[in-house]
Amino acid sequence: MLERTDRMKALVTGATGFLGSHLVDHLLQRGDDVRALVRASSDTSFLRERDVEMVAGDITGAASLGPAVGGVDVVYHTAANVADWGPWPEFQSATIDGTRNVLEAAAAAGIPRFLHVSTLDVYALSALRSRVTEGSPLEKRFGWLDYYRRSKVAAEKIARRYAAEGRLGVTIVRPGLLFGERDGGMFPGIAAFLKSGSSAYLGSGRNRLPYVYAGDVADACILAATTAGTAGEIYNVASDEAVTQRDLFQAVAEATGLAPPRRGVPLRLGYTAALFMEAWCVLRGRRARPEATRYGVNIVALDYHVDASKLKSLGWQAKVPMREAMRRCVEPSSEQRSQPAGA
């Protein structure tokens, strides 16, 4: 957690989500005043427990954003359609149009700082052949149904344009593979995979993954948004800890009491099987996510060597090791169980 330097009024979009909830906690612990943009359908119990100011609105509805941005010093934009499956219009509306709407509302309100949460997934897969820095090429050639990555690249380009035009002091962070309390995606997904009869390492399982604890990412967001000279900059966010696919699966197995995989399958076979499952769902007209997707295969089976030295030069460092994060996915830390003082 970062110590408070100047008390600020912060708006968080996606505050009821995984990273957004960690950001809310760390902002409150730092002493900032926190406002959350919430939809009518959102589960706001987490925010009510912390006495966070809530303003009704939706990033997909530009007209609803005026009251949310009024009087704040910084916007932390974490909201997006974080999924590896679904129709393109949902990604277009939430991730692309939603980002544009929040940027425009912030610019119109004259907000000095804007933190946009992107992802390491914006990098071209070919960039993974060498160490990934903020200057590595972004993806331009997207595969069939690769909607999450396509939409995140498009959203980031919009944010970068606002920064280049001087309309907002935009800073972008690109986090890696997040784990921690309230993880409703990766951790339960891996646990379900370990329970299935198809549990296996993809390839050798010795590929390195860009692990990072969600609370450490929250600290990175705050540091990047509040440090002088960071407007217009981009920062990779990943731990230096060497975490392989085998390490990750075994840690999830330990945390859940499940058995780790006993075998490996060729990466090409796993990728082909995921493609077949995707095609079968499309042909059957199913909206439900297939058992495996090519994005899911890529995210755990490719080899990542991420350079986060630029962020570390600001004083950031990853504090929570991977196995501790896996434990917290099952049993929240005492810090997270405690209820911070409200804004």
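Two aromatic rings of Phe, Tyr or Trp, the last taken by its six-membered ring, count as a pair if their centres lie within 6.5 Å. With that in mind, and remembering that this is a predicted model, select Trp88, Phe91 and Tyr147, which ring pairs link into a cluster. A search of the whole structure finds five aromatic pairs.

Keep those three residues displayed and add the two helices α4, residues 88-109, and α5, residues 147-164, whose axes come within 9 Å and cross at roughly 15°. Angles under 35 degrees count as roughly parallel, and α4 and α5 are therefore roughly parallel to each other. Their crossing is right-handed. On the α4 side, the residues that make the contact are Trp88, Phe91, Thr95, Ile96, Thr99, Arg100, Leu103, Glu104 and Ala107, while α5 contributes residues including Tyr147, Tyr148, Arg150, Ile158 and Tyr162. Coloured by class, this contact of α4 with α5 shows twelve nonpolar, three polar and four charged residues.

Next, go to Tyr201 and select Arg246 with it, where the charged end of the arginine sits over the tyrosine ring, 4.2 Å from the centre of that ring. A second arrangement of this kind can be found by selecting Lys310 and Tyr235, since the charged end of Lys310 sits over the ring of Tyr235, 5.0 Å from its centre.

From there, select helix α8, residues 245-256, together with helix α12, residues 322-330, and look at how their axes come within 9 Å and cross at roughly 40°. The two helices α8 and α12 are therefore oblique to each other, and their crossing is right-handed. To see the contact itself, show Asp247, Leu248, Gln250, Ala251, Val252, Glu254, Ala255 and Thr256 of α8 along with Met322, Arg323, Met326, Arg327 and Val330 of α12. Divided by class, the residues of this contact between α8 and α12 are seven nonpolar, two polar and four charged.

The last stop is helix α9, residues 267-283, and helix α10, residues 294-301, which pack at an angle of about 155° with their axes 8 Å apart. That angle makes α9 roughly antiparallel to α10. Here Leu267, Gly270, Tyr271, Ala274, Leu275 and Glu278 in α9 meet Arg294, Val297, Asn298 and Ala301 in α10, and the residues of the contact divide into six nonpolar, two polar and two charged.

Definitions and conventions
Residues are numbered from 1 along each chain as its sequence is written. This is a predicted model: local features need pLDDT of at least 70, side-chain atom pairs count only at pLDDT 80 or more; totals for chains, interfaces and linings use all residues. Side-chain values use heavy atoms; hydrogens and water are left out. Axes are lines fitted to C-alpha atoms, for helices over the stretch in contact, and angles run from 0 to 180 degrees between N-to-C directions. Helices (H or I, at least four residues) and strands (E, at least two) are DSSP runs, numbered from the N terminus. Angles under 35 degrees count as roughly parallel, over 145 as roughly antiparallel, 65 to 115 as roughly perpendicular and the rest as oblique. A crossing is left-handed if the near helix is turned anticlockwise from the far one by less than a right angle, and right-handed if clockwise. Contact means heavy atoms within 4.5 Å. Ala, Val, Leu, Ile, Met, Phe, Trp, Tyr, Cys and Pro count as nonpolar, Asp, Glu, Lys and Arg as charged, and the others, Gly among them, as polar. Rings of Phe, Tyr and Trp (its six-membered ring) pair if their centres lie within 6.5 Å; planes under 30 degrees apart count as stacked, over 60 as edge-to-face and the rest as tilted. A charge sits over a ring if NZ of Lys or CZ of Arg is within 6 Å of the ring centre and within 35 degrees of the ring normal.
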